[in-house]
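Student: Can we walk through how the protein meets the DNA here? I'd like to take it one strand at a time.

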There are 2 protein chains.
Amino acid sequence: MQKKSSATIYDVAHRVGVSLATVSRVVNGNNNVRESTKRKVLDAIEELGYHPNAVARGLASKKTTTIGVVMPDVTDMYYSELARGIDDVANMYHYDVLLTNTDEDPVRETMAVNNLASKQVDGIIFMGNELEREVLNTIAGVDAPVVLAGSVDGEGKLPSVNIDYVEAIKEATTTVIKNGHDRVAIVTGPVTHAINSLHRIVGYKAGLEEMQIAFDDTLLFATHQDYSAGLQVAEKIVSAGATAVIAYDDEVAVGIMNYLRDNGKKVPEDFEIITSNDTKFTLVTRPEVTSIGQPKYDIGAVAMRMLTKLMNNEIIDDTQIKLPHTLERRGTTRN
Amino acid sequence: MQKKSSATIYDVAHRVGVSLATVSRVVNGNNNVRESTKRKVLDAIEELGYHPNAVARGLASKKTTTIGVVMPDVTDMYYSELARGIDDVANMYHYDVLLTNTDEDPVRETMAVNNLASKQVDGIIFMGNELEREVLNTIAGVDAPVVLAGSVDGEGKLPSVNIDYVEAIKEATTTVIKNGHDRVAIVTGPVTHAINSLHRIVGYKAGLEEMQIAFDDTLLFATHQDYSAGLQVAEKIVSAGATAVIAYDDEVAVGIMNYLRDNGKKVPEDFEIITSNDTKFTLVTRPEVTSIGQPKYDIGAVAMRMLTKLMNNEIIDDTQIKLPHTLERRGTTRN
DNA sequence: CTGAAAGCGCTAACAT
DNA sequence: ATGTTAGCGCTTTCAG
């Protein structure tokens with residue numbers, strides 16, 4: 001299997017006895033080529049094993065057919081499912097995906113965006129809720145459309161695809177209250193993130209208000225986004241006298257549940273739990289975890305679809321898309 | 001925030017009154033530039049907001065500082081953890097990652113490899129155990145180094161990073177046999193994949209032989225790689241009279257466990273389970289699942305490190321790397 | 001230490 | 001329907 005330094009467009013043009021332009025035309029499906037010469041060109045391409053050089057093409061056409069995806073962490077189920085939705089529709093439209101993990105570090109986020117820009121990506125999908133001023137600025141300065149997926153910016157200006165977090169959390173909150181709980185805790189990420197302060201906590205308060213329960217900030221908890229964080233925060237939640245919790249992350253929720261059960265509490269009899277992301281984690285435990293249902297794959301897919309339109313300069317009626325959510329009632333709530 | 005069509009190297013050269021070559025030198029850290037002119041160039045770059053165009057650079061230098069990663073599915077925990085290891089060391093060496101999901105479809109795998117080649121990636125990390133003749137051929141024909149991560153080809157010729165599957169499965173098998181089981185089932189993927197026929201099943205048989213238990217092919221099962229497959233195969237495993245199982249995938253293992261427990265069997269008292277990938281799924285269930293411990297992140301990281309050497313034409317002593325594995329004894333085995 | 005010049009492989013007017 | 005001609009923005013000898 002020899003690694004032949006591949007043929008160029010010049011080689012095939014030369015072989016057939018036509019110009020570069022003609023070869024370029026058949027390669028790009030331009031119909032202004034006589035059928036017979038098209039055949040000859042195709043044959044030559046076959047024989048020479050010619051494969052167009054996408055880099056050269058990108059330089060000449062100023063389109064790379066590559067998009068960038070910036071995300072917190074591929075190993076996070078929630079984001080990886082969005083990524084899969086993105087990737088599938090990207091391929092559908094013949095885009096490749098340049099992937100970057102940031103761990104939600106603003107420094108790495110800005111570096112990632114700048115780097116993608118220098119690689120001349122045609123567009124960017126951004127995931128992550130840090131979105132500091134600096135990140136927003138560099139996004140604004142990039143000469144390629146950007147859409148947020150499963151993420152919100154404080155100002156709500158960037159094109160984005162999400163669910164209605166306020167409404168979803170409100171429903172979760174009222175659900176456990178209706179099940180008889182009056183001390184329901186909520187655990188989110190840092191309140192410095194818009195998605196927590198401006199959406200989740202707002203929804204939580206709205207739920208309390210609707211059920212006429214007074215807000216108590218000792219029932220507010222902020223954690224990292226992993227299993228051990230759940231294990232750790234659980235004790236504090238219990239100490240605060242809560243008998244139900246709304247969690248923003250499934251690993252955290254499962255951590256809380258396992259802590260409770262390992263410490264003799266019965267779920268859902270003694271304590272109810274609703275989580276937010278409906279990943280596989282919620283199905284694998286016993287009991288299965290009640291969760292807000294998010295169309296994760298679709299959020300990614302719709303975001304990518306929107307990006308294709310933006311890259312194509314199409315007019316878009318609504319750039320702030322909210323996809324429908326559900327409440328998947330399972331074993332960690334009584335109803 | 002205006003989308004200024006960015007400055008080129010020509011603009012900064014012109015502004016400073018030097019040649020393109022000089023600007024190129026300072027941008028690329030070539031020391032053959034007088035300190036004073038270097039300063040001037042840097043200032044101009046700053047003022048003009050110049051960012052090198054990586055596409056143009058790629059065309060001229062024939063290096064894109066981009067590698068391709070071909071994987072079955074980002075949402076699969078096992079592979080996404082490898083991907084994270086890959087991405088981290090890729091960034092360390094200033095490579096970007098072009099990611100493609102294949103669902104282990106050979107057609108998509110060959111397309112992915114060809115596509116990456118046309119994008120002129122400097123190297124490729126390939127994950128997935130299908131590796132049909134056709135895929136192998138196109139890999140061989142690509143003008144860029146390729147290394148397998150967490151995957152084996154039948155011939156064992158390609159550079160790769162794995163654990164010793166034979167040994168790992170053998171240990172798992174003898175472990176449950178020592179715990180008193182003489183009918184232990186094994187569930188793998190399709191036997192048409194080398195990793196199953198040439199590694200896992202071989203290890204299983206070696207374990208049986210060591211413990212002087214006769215091989216019984218009614219105890220061999222092949223499934224898809226997901227939770228519901230585990231739920232489904234569990235019944236058959238029980239019918240076959242097995243009292244222990246070695247599973248190749250954590251979701252499958254958890255599916256088996258949940259089926260058993262939902263049907264009144266006690267794990268590990270009545271039935272023992274050992275799984276293979278040690279993903280988060282094994283920690284989240286009750287009981288936690290005993291698993292072969294794989295250094296997943298490291299497999300990805302080491303594969304990527306090896307790829308950097310290959311891309312750099314460095315000599316590599318051993319291209320068939322086997323990283324150490326462990327047995328993480330948890331709640332689904334008695335010992 | 002710096003510049004000139006020739007591409008890298010392809011696309012995209014503009015002609016014909 | 002096909003060819004000519006400029007580049008795209010940068011790297012890289014080769015001179016000096």
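What follows is a short back-and-forth on the surfaces near the two DNA strands.

Tutor: Sure, and keep in mind that this is a predicted model.

Student: Let's begin with DNA strand D: how many residues surround it?

Tutor: Both protein chains take part, with Arg25(A) and Arg34(A) listed among the closest residues. From chain B, the closest include Ile9(B), Ser24(B) and Tyr50(B). The full count around DNA strand D is 25 residues.

Student: What percentage of the atoms of DNA strand D within 4 Å of the protein do sugar and phosphate account for?

Tutor: Take the atoms of DNA strand D that come within 4 Å of the protein, then pick out those in sugar and phosphate. That portion is 65%.

Student: Which residue has a polar side-chain atom 2.6 Å from a base oxygen of DNA strand D?

Tutor: Let's set the phosphate contacts aside. Ser24(B) has a side-chain N or O atom 2.7 Å from a phosphate oxygen of that strand, and for Arg57(B) the distance to a phosphate oxygen is 3.3 Å. The residue with a polar side-chain atom 2.6 Å from a base oxygen is Arg25(A).

Student: Which element gives the most to the surface near DNA strand D?

Tutor: The elements giving two or more residues are helix 2 (20-27) and helix 4 (54-61) in chain A, plus helix 2 (20-27) and helix 4 (54-61) in chain B. The top contributor gives four residues, and that's helix 4 of chain B.

Student: Now DNA strand C: which residue puts a backbone N or O atom 2.6 Å from one of its phosphate oxygens?

Tutor: Two side-chain contacts can be ruled out. Tyr50(A) has a polar side-chain atom 2.6 Å from a phosphate oxygen of DNA strand C, while Thr22(B) has one at 2.7 Å. The backbone contact belongs to Arg34(B).

Student: Where does the largest share of the surface near DNA strand C come from?

Tutor: Helix 2 and helix 4 of each of chains A and B give two or more residues to this surface. The largest share is four residues, from helix 4 of chain A.

Student: And by class, how many charged residues does the surface near DNA strand C have?

Tutor: Around DNA strand C there are 25 residues, with Ile9(A) and Arg25(B) among the closest. Sorted by class, 11 are nonpolar and 10 are polar. The charged residues number four.

Key:
Residues numbered from 1 in each chain as written. Chains lettered and ligands numbered in written order. Predicted model: local features only at pLDDT ≥ 70, side-chain atom pairs only at ≥ 80, totals over all residues. Heavy atoms only, no water. Near = heavy atom within 4 Å. Polar contact = N/O pair within 3.5 Å; in protein donor to acceptor, adjacent residues only side chain to side chain. Nonpolar A, V, L, I, M, F, W, Y, C, P; charged D, E, K, R; others polar.
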